[in-house]
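Let's walk through a structure together, one feature at a time. Keep the picture open while you read.

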Amino acid sequence: MSALHPTSRDFKANVRKAMADETLQKGLATAKLGFRNRRAAAVARLPEFDSLRDEARDIKNHVLAHLDLYLEAFEKRVTEQGGHVHWARDAAEARDAVLAICRAAGARTVTKGKSMISEEIALNDFLQDNGIEPVETDLGEYIIQLRHEPPSHIIAPAFHVMKEQVSDIFHATHTQFDPERRLDDARQILDEARAVLRDRFLAADVGITGANFLIAETGSTVIVTNEGNGDLTQTLPRVHVVLASLEKVVPTLEDATTILRVLARSATGQEFSSYTTFSTGPRRGEDLDGPEEFHVVLLDNGRSKMVGTEMQDVLRCIRCGACMNHCPVFGVIGGHAYGWVYPGPIGAVLSPSLIGIGEAGHLPNASTFCGRCEEVCPMRIPLPKLMRHLREREYEARLSPAAVRWGLGAWAFLAKRPALYRLATRIPMRLLGALGRRRGRFGSLPLAGGWTASRDLPAPQGPTFQDLWQRRGGRREASR
Amino acid sequence: MTRDSRDSVLGALRGAVRRDGDDAAARQAVESRLQRHPRGTVPARCDRDREVLAGLFVEQATAVDATVARVTGPADVPAAVADYLKAGNLPSTVRMAPDEALDSYPWGRVPTLEIERGRARPEDAATVTGAFAAVAETGTLMLASGPDSPTTLNFLPEAHIVVLHKDRLVGAYEEAWDRLRATGRMPRAVNLVTGPSRTADIEQTLQLGIHGPRRLHIVLVEGDSTAAESDG
């Protein structure tokens, strides 16, 4: 998979592969527990957490209702500070804008901070094809770049890679060092990455980062990192390019602050990330360091079409990854199975909007609607509701498989005719109950192979729920 | 291209937000919010007197693996820096921000300490800077760039030493933003630094010191601050 060639259509095959991948399963087991426990602990330490979530949601809703005006205000401030804003309707325009900046700077290598927009527009392959070497500097991103893989998680892009695999790829890539050296523990790996990437930071002509926020009040862009790679990326080279999608803008420093209070807690369970940096324009007169040029590439790529529709709520997302950390489906299949840049529940609602229902229509179906994602979303995005909406759109567009459409049609026919429904459930239940009376369960059953392949189906123990309900006169039993 | 794209994106957004002719009111709402920059909920933990805040700051900063030395006055700062270097087996040469506020400490009292001024060099083991503010809420330093406070000092060295005067301490981020607004202009870079560099990218196990400083040491200066005050 790459951003240019999604494999979301092959979701079912991707899932089978992921579930058979023992390394991935090990990584998922660790990730799930760690992320969930740390978030819960951080939330417990901040009594105001839930009211901050409400406020964070309201800030973004206000912005989305005035998005054109806040973007104009942001652009004006950036320009006043000596920076440049480049508007891009789609991925191709954004790539071209970045390439033009790199060409003008005579760039040969660019260092990169972690950016999902860069993944979305498949920037690395494009720069490479145009003779410019992109170097990912977030440790996780660097590892997967060496392995020619996409990220498998929004904030832990290489969580599916084991230490031994990192050691192998470092030995294969960093041929300047003694091939016999040991890279057995994380410290040795970190030291080597620090040394190798330090040279790349110092040599780069252009630094490209993403943005967690754009601030209309000041024309600042904001990045949130733990490693400090984003800051070296944007401070050392002569040119700094920020990649951001439209919905990243917030009105003021205070608004960014409110959302920052829920971001790290939801993502890693930290109270605050190590480095939160506000960048405002290029280096000033007497400054001793900082980039001489400051560019912001503002990407639409389908987002303006979501504004004002039932999908608008997705645009509140701040990419913390809490939804995937708490998702039982993601917890079993990991990120790559989703087949495009954004995995997990947020990917299931964002990908169909950005690359089309035809391409990513499977994803919203991969949910039990258990609702955990919505429970933990710091921006209170109603993810199950949006998935349900996308399922309806898929059905309406006649993209669902024939068996699903036929099945839903048959069910709808029955559901609208209660007498027939009762009859149609009573007869099979009695039959199954009689057949399974001796063992109490079925090891295999025609038409239920998908269920019985991995577990038994319990035999019905008596009348249907509706019959029981009627026998009770449609009332609850008096409790206690 | 970018002019067409701008008009096209903004046009699409204007169509989508459907304000139905009430554009003036919307513009007014946006301008007013930018002017007033209203605060959201500020956690109750930030609302204490300075002495309690100092305790909270130290607790929060050390919880994220920074180290803190509290000294009673400006006269003790040079020795605190030298002690830290010695204890950490660091070279006795530091790169210090060309910040006048740092000149007021009696560095001459520690003759072993070699001080170079300016932006960070790749080979610098330790740097010394001041801080624009510090936020007790999460043990966060606010470092503002300027001619006397180059950003590279905060990210390039192995160890970053920050001399923090207690009157720079505030409870919540919002108070620090207000102090920053009072200076008249948003600095080119504002770094909110909370502990040293870290990563959990290798098997989700936390490790300190990947790209930024491996160690962050804060010298918190008590007592009368006038000797070491600057206009910020």
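**Reading strands, helices and contacts**

Q: Before anything else, what kind of model is this? And how do I read a pair of strands, say S1 and S10 of chain A?

A: It's a predicted model, so keep that in mind throughout. For a strand pair, look at the direction and count the bridges. Strand S1 (residues 84-88) of chain A pairs with S10(A) in the parallel sense, over 5 bridges. To pin the pairing to actual residues, find His86(A): its bridge partner in S10(A) is Val297(A).

Q: Which other strand is joined to S10(A), and by how many bridges?

A: That's strand S7 (residues 239-245) of chain A, which runs parallel to S10(A) and is joined to it by 7 bridges. Here a handy landmark is Val242(A), which stands opposite Val296(A) in S10(A).

Q: Is S10(A) mostly covered or mostly open?

A: Mostly covered: 6 of the 7 residues in S10 (residues 293-299) of chain A are buried. While you're looking at strands, here's a general idea to carry along: in a regular strand, side chains alternate between the two faces of the sheet.

Q: What is the order of strands in the 8-stranded open sheet?

A: To read a sheet, walk across it from one edge to the other. Here the walk goes S8(A)-S5(A)-S6(A)-S9(A)-S9(B)-S6(B)-S5(B)-S8(B), and the pairing is mixed. The edge strands are S8 (249-250) of chain A and S8 (169-170) of chain B, each of which pairs on one side only.

Q: How do S9(A) and S9(B) pair?

A: Strand S9 (residues 275-279) of chain A and S9(B) pair in the antiparallel sense, over 5 bridges. Look for Ser279(A), whose bridge partner in S9(B) is Ala189(B). Now take a step further into chain B: strand S6 (residues 140-144) and strand S9 (residues 189-193) of that chain run antiparallel, joined by 4 bridges. In that pair, Leu141(B) has Val193(B) of S9(B) as its bridge partner.

Q: Now helices. At roughly what angle do H4(A) and H2(B) cross?

A: For two helices, picture a line down each one and look at where the lines pass. The axes of helix H4 (residues 67-80) of chain A and helix H2 (residues 23-36) of chain B come within 10 Å and cross at roughly 45°. Angles of 35 to 65 degrees fall in the oblique class, and so H4(A) and H2(B) are oblique to each other. Their crossing is right-handed.

Q: Which residues meet there?

A: From H4(A) you have Leu69(A), Tyr70(A) and Ala73(A), and they meet Ala26(B), Arg27(B), Val30(B) and Leu34(B) of H2(B). Sorted by class, this contact of H4(A) with H2(B) has 6 nonpolar, no polar and 1 charged residues.

Q: What does a helix crossing inside chain A look like, for H15 and H18?

A: Helix H15 (residues 344-355) and helix H18 (residues 383-396) of chain A have axes that come within 10 Å and cross at roughly 40°. That makes H15(A) oblique to H18(A). This time the crossing is left-handed. The contact is made by Pro345(A), Ala348(A), Val349(A) and Pro352(A) of H15(A), along with Leu383(A), Leu386(A), Met387(A) and Leu390(A) of H18(A). Its classes come out as 8 nonpolar, no polar and no charged residues.

Q: How many residues does each chain put into the contact between them?

A: Chain A gives 80 residues and chain B gives 62. On the chain A side, the largest share, 9 residues, comes from helix H10 (residues 186-203). That side divides into 34 nonpolar, 26 polar and 20 charged residues.

Q: Let's zoom in on one residue, Arg119(B). Where does it lie? And why does Arg119(B) count as buried?

A: Arg119(B) sits in the loop between strand S3 (114-117) and strand S4 (126-129) of chain B. To judge burial, count neighbours: the cut-off is 20 or more other C-beta atoms within 10 Å. Arg119(B) has 20, so Arg119(B) is buried. Among the residues Arg119(B) touches are Leu288(A) and Asp289(A) from chain A, and Pro150(B) from chain B. Also try finding Ala97(B), which is 22 residues from Arg119(B) in sequence but 7.0 Å away in space, C-alpha to C-alpha.

Q: Finally, how many helices and strands does each chain have?

A: Chain A has 22 helices and 12 strands, while chain B has 7 helices and 12 strands. Of the 480 residues of chain A, 51% count as buried; in chain B, buried residues make up 47% of the 232.

Note on methods
Residues numbered from 1 in each chain as written. Chains lettered and ligands numbered in written order. Predicted model: local features only at pLDDT ≥ 70, side-chain atom pairs only at ≥ 80, totals over all residues. Buried ≥ 20, exposed ≤ 12 C-beta atoms within 10 Å, placed from the backbone. Pairing = 2+ DSSP bridges. Axes fitted to C-alpha atoms, helices over the stretch in contact; angles between N-to-C directions. Parallel < 35°, antiparallel > 145°, perpendicular 65-115°, else oblique. Left-handed = near helix turned anticlockwise from the far one by under 90°. Contact = placed C-beta atoms within 7 Å. Nonpolar A, V, L, I, M, F, W, Y, C, P; charged D, E, K, R; others polar. Lists of a residue's contacts leave out its neighbours within four places in sequence.
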